[in-house]
Amino acid sequence: GVSSFNQFIHELSLESDTSSIDYSSDDNNLDETYPASPSSHGSRSSRTSFPINNAWHWTDLMACILSLILLPARLLLWMPFLVFRLLNIWGSKTSSDPGNPHLRNFHSFRNMHTTKDHVVNRSIDRRRGVVEDLHLAIEIFIEAIFDMLHKTVHCVLSPSSAFRIFRKLFSSASAGVKDVDNDVLNASVPPVTLGDKDPAPTERNPTLHHALNTDARTCKDIITELGYPYEAIHVTTADGYILLLERIPRRDAQKAVYLQHGIFDSSVGWVSNGVVGSSAFAAYDQGYDVFLGNLRGLVSRGHVDKNIPSRKYWWFTVNELGTKDVPAMIEKIHEIKTAELKMIQPDEEANDEQPYKLGAIAHSLGGAVMLMYTVTRLIEQKPHRLSRLTLLSPAGFHDETIFILTVAHYFVVPLGPILAFFVPALYIPTRFFRMLFNKLARDFHNYPALGGLIQTVLSYTFGGDSSNWVGVMGLPHYNMDDMPGLSLGVIHHLAQVKWKGKFVMYDYGNASANMKAYGSPVPIDLGEYYSLIDIPIDLIAGRKDKIISAAMVTRHYKLMKDASVNVSYKEFEYGHLDFTKSNQEDILAYVMSRLLLVEPALKHQSSQKKTLKLKKKGQASS
């Protein structure tokens, strides 16, 4: 028989050598009908050059007896994989049964991976998970042991054969090497297309897969693979952090869009659904110049100080994200777009007006960061460059949270700075464990029963949120080289927001530190300054979102409505991650429709009345 490992090698060779497939059982007829390619000729010559000895030898009988003796050990090694196969078969049967009551719980995570344009589960993706690696390694180990035992028994019980083998090895080494070289040359000729006079071998593109069979693609790899242009821009913040601002450039466009990710996310989230379901590609196809922002907080720790300590790098709050990261990237966008449009249209008269319109789309924590950026720029009377904000389930109010987060915030509020000294951030610490996580995520996809179990556990852990948690874990930005982390300072800040019940900036714990940062003994309540907002705001919430519930998004809406802000509100029947990580056509169509309503920023004179309110409010508080 042929073992599964040998069958795997055989099928692998057939993928690159289709010319050696026999279309007839008669070799003579085959030679007359089809011209022989180099590889097929080499394979036939190699078969005919070595005679096959079918005679039964008594050493084979001894090998069979030894195999029967070791059969229990072999069966014991195969038991774990038999269990996994049965689980896989059970999972496939339940997934194919439309009336199965467990279908919704255990296989809802597969709904988002049915589109042919999905980047994570592409047909060319042949990555192996941990279970498959172990399976393959044990098969190779078993085959090697039995092959070694077979050869040992043969040499011991047949000394004459062993003597002939050693004599061939040492007596005719040069001739043997020459014969082997000829056989190797004949067997390794690549397949060619019939009729080619000068065939050239082709290579597979190795950029999509890591050397250890993990997915290490970046946002650049995904964008360029799908045929879109790409540009990387490195931005340095005022406090020395080096950020990556990525771009799908359309240099002559007078409208641009800035996309900002949330917690444990990166720019990959805006392109992970492929051409059809990703906001970045949809905006580019609508004629926008697309910019993808990446906040600080990567394991690679980009900073001007190459030797910055881990604790120092990871100590930042939402304040730094909204008042340092986003301003640096928005100003870089303004610098680039202004320079490019002046080069394209040199005859335009110079004026103080912005020559382009910039809309912004943000998700989760990115929504709170964009609101903080807009409000603080208006408080400081600086231009924010934005024409419209579309916020997908934005953070900022967290009165209603799931049980696990409610319990955690009681420990984080009093102990946050102390915990940050020992654990500065939440991320997978080493390359090995990140590689293991990447492979486990692949196992969750390859084994539906296992993936459905993990999906159900995570869904119940996060309060019944229906997001595709298993699919998110398989995204390539969680790879062994790098991944987004979560600072304990950000966690402490969000816990303060929940504790106070207001959308406030970070409380440094004493009046003097707050006075130095804000000019007041208490941190700024951003909700009180929503009246300064001079651009349209679109708020989008999910009814099945348990991370940031629709009721919390509604609090933003009510405050903005009371402050006479041009705001809209829309709800969808989706979870927290479905806004960016799943291909939902209705969400994408609505977001694009709001983006197409981008209007230029209001004149400075029109906002002077609102700035007077700020001055009066400051005098009253003082």
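This report covers the nonpolar cores and salt bridges of a predicted model.

## Nonpolar cores

In soluble globular proteins, nonpolar side chains tend to be buried together. The largest nonpolar core here holds 81 residues. Six residues have the most contacts inside it: Tyr258, Met370, Leu386, Leu389, Ile537 and Met560. Apart from this core lies another, of 32 residues. Cys219, Ile223, Tyr228 and Ala282 are among its members.

Leu389 shows what surrounds one residue of the 81-residue core. Leaving aside residues up to four places away in sequence, Leu389 touches Ala360, Met370, Leu371 and Thr374. Leu389 also touches Ile535, Pro536, Ile537 and Asp538. Two of these contacts, Met370 and Ile537, are themselves listed with the most contacts inside the core.

## A buried salt bridge

Side chains of opposite charge can pair when their charged atoms come close. A search of the whole structure finds 20 salt bridges.

One of them joins Lys581 and Asp265, at 2.6 Å from N to O. Lys581 lies in helix H23 (residues 578-581), and Asp265 lies in the loop between strand E3 (255-260) and helix H11 (274-277), so the pair ties together parts 316 residues apart in sequence. Are the two partners buried or exposed? Lys581 counts as buried because its relative accessibility is 9%, under the 20% cut-off. Asp265 also counts as buried, at 6%.

## A partly exposed salt bridge

Asp399 pairs with Arg555 in another salt bridge, with the closest N and O atoms 2.3 Å apart. Asp399 sits in the loop between strand E6 (388-392) and helix H16 (403-422). Arg555 belongs to helix H22 (residues 550-562). The pair links distant parts of the chain, 156 residues apart. Asp399 is partly exposed, with a relative accessible area of 34%. Arg555 is partly exposed too, at 28% relative accessibility.

## Asp538 and the shared network

Asp538, one of the residues touched by Leu389, also forms a salt bridge with Arg594. Their closest N and O atoms are 3.2 Å apart. Arg594 lies in helix H24 (residues 585-595) and Asp538 in strand E9 (residues 537-542), so this bridge ties together parts 56 residues apart in sequence. Asp538 counts as buried, at 1% relative accessibility.

Some salt bridges share partners. Through them, Glu231, Arg247, Arg251, Asp289, Lys337 and Glu340 are joined into one network.

Key
Residues numbered from 1 in each chain as written. Predicted model: local features only at pLDDT ≥ 70, side-chain atom pairs only at ≥ 80, totals over all residues. Heavy atoms only, no water. Core = buried A, V, L, I, M, F, W, Y, C linked by side-chain atoms within 4.5 Å. Buried < 20%, exposed > 50% of the residue type's maximum accessible area, 1.4 Å probe, protein only. Contact = heavy atoms within 4.5 Å. Salt bridge = Lys/Arg side-chain N within 4 Å of Asp/Glu carboxyl O. Helix = DSSP H or I, 4+ residues; strand = E, 2+ residues; numbered from the N terminus.
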